[in-house]
Amino acid sequence: MTVSSLTLAARSLPRARLASASAAAASRSVTPWRSLHTPTATRSPASRLGAHARASTTSVQPSFPCRRHLATQSTTPDFVIPVIDFSAFVRADATDADRARTSHELTQAFKSSGFAYLSNHGITREQIDDTFAKSAEFFKLPIDKKDELAWKDPRANRGYVAEGRERVTQATSAEEIAALREQTPDYKESLEIGNDRDPVWKNEWPQESDAPHFKDTMLAFQKAAHELHMKVMSSIAMGLGLDARFFEDKCNQEWHTLRLLHYPSVRTDKLKLEGSARAGEHSDYGSITLLFQDSVGGLEAKNPHTGVYHAADPIPGTIVVNVGDLLARWSNDQLRSTLHRVKAPQAADAKAEYTPPRYSIAFFCNPNEDQLIETLPNFDSKEGPKYERILTKDYLAKRLSETYV
Ligand SMILES: O=C(O)CCC(=O)C(=O)O
Ligand SMILES: [Fe+2]
């Protein structure tokens, strides 16, 4: 048995609206998509939760009237975040049957909750620890050093994002996002790092003297994460009944974003406020996200059937992998791009005045920039495709330009 019963969690990130002319230009080039209004998730009894789901104590946030259409609107009751032993895609001696079983488990998880934990994923503990250590060193730099690397353009999506600049949300109106940022900012700072060989967009690296070996460490981590992502995409292809190499030429150009995240210590009561979070409710934008978290916790995933949030607490030796919007669109929403957020850790002493700082590393995997994302032929439903065709770069630029200032 390679799938264990587990509790799960969700996290959410807010993003802010970009005001710059370049962002406006970027969003103008975006193909418009069908604007859909989705109903607020209805609450239903806890008994409707999947057998492995544990209800969180956090309340459901009210929906704004205008929301993106998401894969998470469904009436199927199960919502499970399993631990999947991924060694069949890492070990040289794995059999086709091992890989087929793993692939089935993974796609089932993505159809259920859109989230899974992977164990035996092949990235060493040592490499992950080194990357976390360099990330912590970076965030300790003086603010003016970090500000020199400021994030400027959604098409680049590179650089330092100071606290309060990004407000991740599913909201679509500029006024609504601005109001959210004002009232309930995300309590986090981040550094976004793209493909370092990109001919147009350059990464914002700290100087070697300020952050020794930072760049080398991050480049090595990107390489390892990209390789793991290719294996996960191959496993998804197999689980969907496609050729194991189906996604290979569609996802091989390393158009990914490595995001280092630091959530400073914050008063616990601030995070308990309605609508307030370390990272607000959101879905991820790309194909899949590989998420590495420290031991603090706080990530939560939203059960679309009940609207209840479930903790996706860190499990030693595993990473979290979740489906993003573009993979959901490819699969006509059969694989779920599930809403998530980061709140105060559920296990924390309720009386603690401050929640500890938290670090996480998200590797947002994307299809190639010029890849057209359209419903795969075997995922067309009776009603036909739910989404208009869109290029990866246009979808990402649109979402990013909406969520940053
Ligand atoms: O920090 C985390 O655990 C989640 C971050 C996240 O969801 C994101 O950056 O999209
Ligand atoms: Fe996310």
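**Exercise 1.** In this predicted model, determine what kind of contact joins the side chains of Asp 196 and Lys 215, and state which parts of the chain the pair ties together.

*Solution.*
Step 1. Consider the distance: the N to O separation between Asp 196 and Lys 215 is 3.9 Å. A salt bridge requires a side-chain nitrogen of Lys or Arg within 4 Å of a carboxyl oxygen of Asp or Glu, and the pair is accordingly a salt bridge.
Step 2. Recall the general principle: side chains of opposite charge can pair when their charged atoms come close.
Step 3. Locate the partners. Asp 196 belongs to the loop between strand E5 (189-193) and helix H6 (214-239), whereas Lys 215 is in helix H6, so the salt bridge ties together parts that are 19 residues apart in sequence.
Step 4. Examine accessibility. Asp 196 is partly exposed at 28%, and Lys 215 is likewise partly exposed, at 31%.

**Exercise 2.** Describe the salt bridge between Lys 223 and Glu 227, and classify each residue as buried, partly exposed or exposed.

*Solution.*
Step 1. The closest N and O atoms of Lys 223 and Glu 227 are 3.1 Å apart.
Step 2. Both residues lie in helix H6; their spacing of four residues corresponds to about one turn of the helix.
Step 3. The relative accessible area of Lys 223 is 52%, and this residue is exposed. For Glu 227 the value is 39%, which places this residue in the partly exposed class.

**Exercise 3.** Establish how far apart in sequence the parts are that Glu 353 and Arg 267 tie together.

*Solution.*
Step 1. Glu 353 and Arg 267 form a salt bridge whose closest N and O atoms are 3.1 Å apart.
Step 2. Glu 353 is in the loop between strand E13 (340-342) and strand E14 (354-355), and Arg 267 is in strand E7 (residues 266-267), so the pair links parts 86 residues apart in sequence.
Step 3. Both partners are partly exposed: Glu 353 at 47% and Arg 267 at 31%.
Step 4. Salt bridges may also share partners, as in the network that joins Arg 91, Asp 93, Asp 98 and Arg 101. The structure holds 24 salt bridges.

**Exercise 4.** Identify which residues are the protein donors of the iron ion (ligand 2), and decide whether His 282 and Asp 284 are buried or exposed.

*Solution.*
Step 1. The protein donors are His 282 (NE2), Asp 284 (OD) and His 340 (NE2), at 2.1 to 2.2 Å from the ion.
Step 2. Along the chain, the donors follow the spacing H-x1-D-x55-H.
Step 3. Buried means under 20% relative accessible area. His 282, with 0%, is buried, and Asp 284, with 1%, is buried as well.

Conventions
Residues numbered from 1 in each chain as written. Chains lettered and ligands numbered in written order. Predicted model: local features only at pLDDT ≥ 70, side-chain atom pairs only at ≥ 80, totals over all residues. Heavy atoms only, no water. Donors = N, O, S within 2.8 Å, 3.2 Å for Na, K, Ca; no water. Buried < 20%, exposed > 50% of the residue type's maximum accessible area, 1.4 Å probe, protein only. Helix = DSSP H or I, 4+ residues; strand = E, 2+ residues; numbered from the N terminus.
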